[in-house]
Structure formats: structure tokens, C-alpha cells
Amino acid sequence: MVDAEELTAWRLVRTSPGAATTPAELSALGLPGLEVVTPSPVGALLEDSPWAGCDVDAYDWWQSATLTPGSAALVRFDGITCPATIFADQVAVAEVESMFLPMTVTIPAGTEHIHVRFDSVTRWLRTRRGRGRWRSTLVAAQGLRWLRTSLIGRSPVYGDLPPIVGIWQPVHLHRGPVLDDVSVTTKVDGRVAVNLRLVGADDTRGTVPVVRARIVDDTGIEVAAASSAVGVGTTAELRMSVRNPVRWWPAGYGPAYLYRLIIDVDGRRAADRPLGFRDVTVDRSDGGFTLCVNGVEVFCRGATWAPLNAVRPSADDPESLTRVVGEFAAAGATMLRLVGGLVPEQPEFYDLCAQAGILIWHDAMQATFDPPEEISRTICAEVGALVDRLSGNPALTVLSGGSETQQQPQMLGVDAASRRMPILDELLPAMVADHSDAVFVQSSPTGAAPSADDAIDPASGVAHWFGVGGYLRPIEDVYRARVRFAAESLAFAIPPDDATIERDFGSLTVVGHHPWWKAGVPRDRTASWDFEDVRDHYVRAVFDVDPLAIRRVDPARYLQLGRVAISAAMECCYRYWRRADSRCAGALVLSGKDMVPGAGWGLLGADGSPKLPLSVLRRVWAPVAVLLSDDGLSGLRVDVYNDGPTPLDADLTLHVGQHETHVEPVALAPHSALHRSDQQLTGTFTDLSHAYRFGPAVTDAVEVRLTATDGTPLGRDVLVVTPPRSPVRSGLHGRIRPDAAGADWIVTVCAPVSLRYVCLDAPGYSMSDNCFGLVGGIGHDVRVTATSTDRSRRPPRIRISSVDALDSPFAEGPL
């Protein structure tokens, strides 16, 4: 940053509402305060303070910084909540109108202090304002529809968290000119336009710095550049062209190639951001919603994103952020959605998504409310600031007008004419069209184009589909729902592993009833049930057992049955959705990560550790995959996918039990798929699925493998046709050996009987596959990798189990 000084020494003071309206009045009160190294939301600062556990919204809070007096300057707040007033010494210089808008204020020469007064939200809500045409079910305080702030800490569905009040992003002081309103436009032929504005304090007016923009490739070589003298307070456009640009692709569909755009002002670094060339369109024909990148249809799979740190969203923890985004990239995710009502992420998140090839769907920060027309300008400004900040980043693909903004009134029975919202129908679409090439969606969910009135029907437009999940529909309902695109789906209370539960709660016996445990289980505010009840329902459906009876005597088995039932439901849905004949173009799981410890919606726990269902999703999300399905009277169906940019030649092998094998060479074009029936692979009808039941089952299990022509395994899947009715002595066993390179370990898992949901557990290690099926007598090799940098050469201690097996041995070490 040009002449930028990050303000890091702050003081926090709490007062009763209205007790001090100016810094002088605050000083006269003589109240104690907290010295703070880094400005943060109030809730992140109170844990060890005398104010710990207080209702943050019930008080006024002051955050103050001491400056070294100097020339006039600009102070840039990247994130600051409202309602708030900013003071330079004793003079009010700005009112904060939105948490989601950066604020830049001018302070006069000689200023010694910056003060920010954050008014009590509880008191602010007591002022009567116009009622909405419908009520939000997310929150009790309906006046929040007027306040541009996050619902974290104010809606119980997000967990027991403090509301975000205070400075939640970094603050910088600029003595010289600074870049503002940078907007980047790219074309796939290599043209780049950079529109920018220089701003500065009063005493910088009249200066004309030289602004130079340059584009470098992934080796650091400059491939384009432009420069111009730009006066402070004026705008400029710099045009460049990259010859034969390399296109950026979503993960699995091609390389996520990035350039860097670097901007210097008078030779000093002012901006460094990712830049990519790609084309994005959407096919809305026939009621669908199919994203196309560079002319190729993309099956979007992934999750909704939750803040890495919901208490302190700007937490400087790049290692954890890299690890969490990396978990989704490694699992084969192609999209993450930032949900309205929460918060935008820190800048590093968007860079990481671009590097990983993960598409970003970004909601405007509103959810379920009837947005007042009086704040439409502010909401448009928020979205405009967001898209300018992310312009040039090829990962930003979809922008929506909010979360359940259309669905909420429709579900409450409001007629179509009375729920019309100009901000969704006119203002935001026009603003996005002017600022970005991202696809605009009126709301998530939304109906099919062109009217988009019906936000409930999953068979058109974009859905939030919880038929399998909260609405307790049979898992097979996925075949009837005809989901075209699910921006949210498959929400369950997913337990973390046993070791995490014991660490966070002290014992597995808290599960299902203890208040500490229940605080981490999602519950809709108006519901009489929670998502643990949902999980138990599917345990009954999948395993035909009473989960409460099992929990009473064996909480560990109860938890594992829950994890596996959720995994089975998610796997079944994605197997079907990914098929071309399903007509589904994508589905995102609610949610990517828990915000509090416990059995939240997240595929990752609150600490970022993956939960068991993510291991299963790795198989069905993989860019090159082979999936095996029971297609009823049509037999077994094998689907092979090649999302990648190059042709795939491979052998497709079908194992019928351990004694019968059929091999077919297959050739797939880039970005293509094929399917085969078991009869096509075996050459004869044998009722492998045991659908006709003319006699005993032909086999108890079937395995399909996809192998490259050089012998490299590309994927496998197993269907156990006749699983055991109750757990058996299985003879399950495993043998560990070092891999050829010596960095990882390989464990070969086998059993003389066919088993479902075989799971490996080794704290401190990750598995290349988990929760998989075994055909009796056929082994499966799993790569085991240490998750820490301390890679001891002692073999890991790996527990092997299956819900179908009574025995649960440890894998044996190398011979």
C-alpha cells in the first residue's frame, strides 16, 4: 500500500447506551478499558475481560487509537459495523451506514486520536421503523431488516456466538495518495482495462503521481503494461493486451491458470491481485440453470461457505484458510457459495479459490427480509464495492440478490404481486451488468427464467432442496424431485470424530442431550425439532435400527451410524445428480464448515478437520470417477466421468464377487461421460442387482474399477447387493507398507465377506479413500498421509471398522 500505516494499537471501552455521545463525554466518565493490539470485533476481545459473557448488542462500545500527529491523512476502514460514528479527535467525521461497505475518512493535520462509537443495536432497534410485508423466520428482531449488519450472533441457527460489533477488518492510515475504486475488465482475447481513481487528503490535491499497471505470468515475466499520470481526485483507464492468453478453468476441467495484476503509484506497490481469462455463461433453457465456463458445461459441486472465524472474521490465519480451502479442492469441489446474512470473506480467501479453480457464488448480504426501498442504494453500493474489489478474479462466477429473499415470502403465502422487490428485479441486475461479467441470480433460491417467481419448486431454476434432510423424505426422493440446481441441500447435524468430541466436550456421553452438545446442533428458530432428529430419522431409514436405544448403551456406535447414514444419503444424491439424464447441473451442501464445536451442518468441523461424509463425497465429486448404482429392474449402472481437458483411455473392470471378472476398454473425450449397464459389460442378463429375485442372489457384492492404460488406478466403487442383516464376525484386516517413494504409507484392507462402509481411523493422518465398500476376498489399497510436517517413519496406528462388522482390528505393520 502507498504510504500506508496499519493502525494496531487500540483501546476498548464499554458504556451504557447513550452514556457518552462524544469522546469528551467518554473521557469524563473515567471508565476502565481494554488495551487491544489489533482492532477486532468486540466479541473477540471479551473472553478474558470483566465483560465476558455480556450481551454485546445491549451496550455502546468505543474503540480508540492514538496517532502520531502529522499531515492530513486518509483513514481506511476495510470493515466496520453500524450504527457507528467516527471521530477525529473531538469532531465527528463520518456516520457508518453499512457493515459491508469500506469507509474512507479524511482527518485533518495534527489529529492525535481516532475514536469510533458503536451504538447499542438493542437500543437502535427500539426506534419504530416501517414494517416489512412479511416477517423473517431467521430472527425475532424484525427491525434488523433496516440495519446493514450480519445475522451471526443474532440468528440462533448459526450457533451460540456473539454478534459482530466493532472493527472487523484492518484499518490503514494513508498520508499520501491511495488507489480507490479499482475495477478490472478482462476479455478472453487478452484485452484488459483497469479503471481506477486516486484519492488523498486535502494537502495532496494537485499532485499528479504516475500510475503503472503491469501483468505478469505465473513465472513472473511481464506480459503487458500501461502507465499514466493521474491527478489526485481524478479517474483514469489503463488498457493492456496479453498476447495468446492462457484461459483459467474450474478445478478438474483444465488448469486454473492465473496471471497477476500489479499496480504501482510513483514506483510504490499499491495493488497486487489475481487476474484470469475465462468466459462464463448460463443456460436457463427449459427451466434449468447450467453454468458454462469457456463454453463447457460445469457440474457444480461443493458447499456453502461459513466464515473461517465467525467471532473474528479478519483473523490473520493464512495457514488455516489455505488448509480449509485446500480440503474442498482436494475433495473435488468446483464451487463455494458465500451466503447472505453472514459476512464476506477476507481477501486471501478469494485468491485461494482462484488458485484452486473453485468457482465463487456470492450472495448480497441479506437474507429472508423484505428489504426497505430506502436502503436499496446502500445494498447496491455494497455489491458494487464487492465486485470491484474482486474484478479480474476469474473465480467470481455468480452473484445473487441474497439468501431466501424470494423464498421466504412465498413460503409465508404472500402473493406474487405483493412480494415484488425492485432491488432484485431492476437495481441489482443493472448494477452487476455494469460492473461484472458474473451471472446474476435474483435470489438463492429463485425460479426459472424469465419470471423467476417460483422460488420453491426444485424442478426449475435454483433450489434450496432439503427433501432428503430436514423434510425427512426417503433418500429415493432424489429421483422424483427433479432438482435442476441446488444452491443449498443435504443439511444434517454431522458429528465430528470421537477424538474431537472427547476433546471439546469431555466424553461421548454428552451426545444427544447435554446442553453443551445441543448448543452446537442447528435448529430452525421456529421449529420444534433440530437436525439431530433429522440424522436419527435417516439412521432408522438406512439401518432399520432404533438410534436412541443404541445411544443409551453404545454412544460410539450411535455416532458412527449417524455419520455413515449421512454419508450414504449424500452419496446416493450425488450419484444421481451427476448423471446427465438427471438434468441436474449442480448441488452444494449446507454447509462447508461448522462455526461452533459440535454436530453442525459442516463437512468440516469448527477446527477445520474433515468429517466422514467428505471422504465419501471425494469419490462422487472426483473429476475422473467411476460410480456404480442400483438401477432397479434395469440392473446395475456404471457411470464413468472425465471432466478433464484431455481424452481418457482406460480399462473398465467389473468384478462379480471375487471369481468373475469382465473388462472393457473405454475411451472418453474431454469433458465427457459414458454409462454402461452390467448386462453390457457381462454380455448376458444375470440379475446382478437381485431385482427380479428369481432365486438366491447371484452375488453378494459387485466392484467396478477404472484403470489407466499404464495401470494407474483412477477410481473404484462397490455395491453390496445383500448386506448382513446384523453385524458379523467379518475377518476384516489390513496390512501397512511404505509407499514406493517412502513419504506415505499404503494400507491394504480386505475381508473374506463383503462389507459396507469400511472406515479407517488414524489420528494425525488422512486417507485417500474412506467409508468404502469391500467385495469379499478382494483387497483395497488406501494411501495414508501424515497431516503434520512431523512425518515419523513409524507406521501409523490405523483402526479398521465397518458398521456391518463386530470386529474392529488395527492394521498390521510391515513384515
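User: In this structure, how many of the 6 residues of strand β37 are buried?

Analyst: This is a predicted model, and within it strand β37 covers residues 745-750. The strand is largely enclosed by the rest of the structure, because the number of its 6 residues that are buried is 5.

User: Which residue of β37 stands opposite H733?

Analyst: Strand β36, residues 733-738, is joined to β37 by 6 bridges, and the two strands run antiparallel. Together β36 and β37 form a hairpin with 6 residues between them, and in the turn G742 has a positive phi of about 85°. Across this pairing, the residue of β37 that stands opposite H733 is C750.

User: Which residue of β41 stands opposite T748?

Analyst: Strand β37 is also joined to β41, residues 780-786, by 5 bridges, and here too the strands run antiparallel. In this pairing, the residue of β41 that stands opposite T748 is D781.

User: Which strands stand at the edges of the open sheet with the order β14-β13-β16-β17?

Analyst: The 4 strands of this sheet are paired in an antiparallel way. Two of them have a single partner strand each, so one side of each is left without a neighbour in the sheet. Neighbouring strands here are turned by 15° against each other on average, with direction ignored. The strands at the edges are β14 (222-229) and β17 (268-275).

User: Which residue of β17 stands opposite I262?

Analyst: Strand β16, made of residues 259-265, runs antiparallel to β17, and 7 bridges join the two. The residue of β17 that stands opposite I262 is D272.

User: By what angle, on average, are neighbouring strands turned against each other in the open sheet of 6 strands?

Analyst: This sheet has the order β3-β2-β4-β9-β6-β7, with antiparallel pairing. At its edges stand β3 (34-36) and β7 (91-96), each with a single partner strand, so one side of each is left without a neighbour in the sheet. With direction ignored, the average turn between neighbouring strands is 25°.

User: Which residue of β7 stands opposite A88?

Analyst: Strands β6 and β7 run antiparallel and are joined by 5 bridges. In β7, the residue that stands opposite A88 is V91.

User: Is helix α12 roughly parallel or roughly perpendicular to helix α14?

Analyst: The axes of α12 (residues 531-543) and α14 (residues 555-577) come within 9 Å and cross at roughly 80°. Angles of 65 to 115 degrees count as roughly perpendicular. The crossing angle therefore makes the relation of α12 to α14 roughly perpendicular.

User: How many nonpolar residues are there in the contact of α12 with α14?

Analyst: On the side of α12 the contact is made by E532, R535, D536, Y538, V539, V542 and F543, which meet Y558, L561, G562, V564, A565 and I566 in α14. By class, these residues include 1 polar and 3 charged, while the number of nonpolar residues is 9.

User: Is S567, whose place is in helix α14, buried or exposed?

Analyst: Leaving out residues up to four places away in sequence, S567 touches L612, P613, V616 and C771. Buried means a relative accessible area under 20%. Because its relative accessibility is 1%, S567 counts as buried.

User: Is helix α6 roughly parallel or roughly perpendicular to helix α8?

Analyst: The axes of α6 (residues 376-390) and α8 (residues 422-435) come within 10 Å and cross at roughly 30°. Angles under 35 degrees count as roughly parallel. The crossing angle therefore makes the relation of α6 to α8 roughly parallel.

User: What is the relative accessible area of I80?

Analyst: I80 lies in the loop between β5 (73-77) and β6 (84-88). Not counting residues up to four places away in sequence, I80 touches several residues, among them I86, V96, M99, F118 and W168. I80 is buried, and its relative accessible area is 0%.

User: Where is Q169 found, and what is its relative accessible area?

Analyst: Q169 is found in the loop between α3 (121-125) and β10 (171-174). Leaving aside neighbours within four places in sequence, Q169 is in contact with D78, G79, S314 and Q346. Q169 is buried, with a relative accessible area of 7%.

Note on methods. Residues are numbered from 1 along each chain as its sequence is written. This is a predicted model: local features need pLDDT of at least 70, side-chain atom pairs count only at pLDDT 80 or more; totals for chains, interfaces and linings use all residues. Side-chain values use heavy atoms; hydrogens and water are left out. Two strands pair if DSSP finds at least two bridges between them. Axes are lines fitted to C-alpha atoms, for helices over the stretch in contact, and angles run from 0 to 180 degrees between N-to-C directions. Angles under 35 degrees count as roughly parallel, over 145 as roughly antiparallel, 65 to 115 as roughly perpendicular and the rest as oblique. Contact means heavy atoms within 4.5 Å. Ala, Val, Leu, Ile, Met, Phe, Trp, Tyr, Cys and Pro count as nonpolar, Asp, Glu, Lys and Arg as charged, and the others, Gly among them, as polar. Buried means under 20% relative accessible area, exposed over 50%, partly exposed in between (1.4 Å probe, protein chains only).
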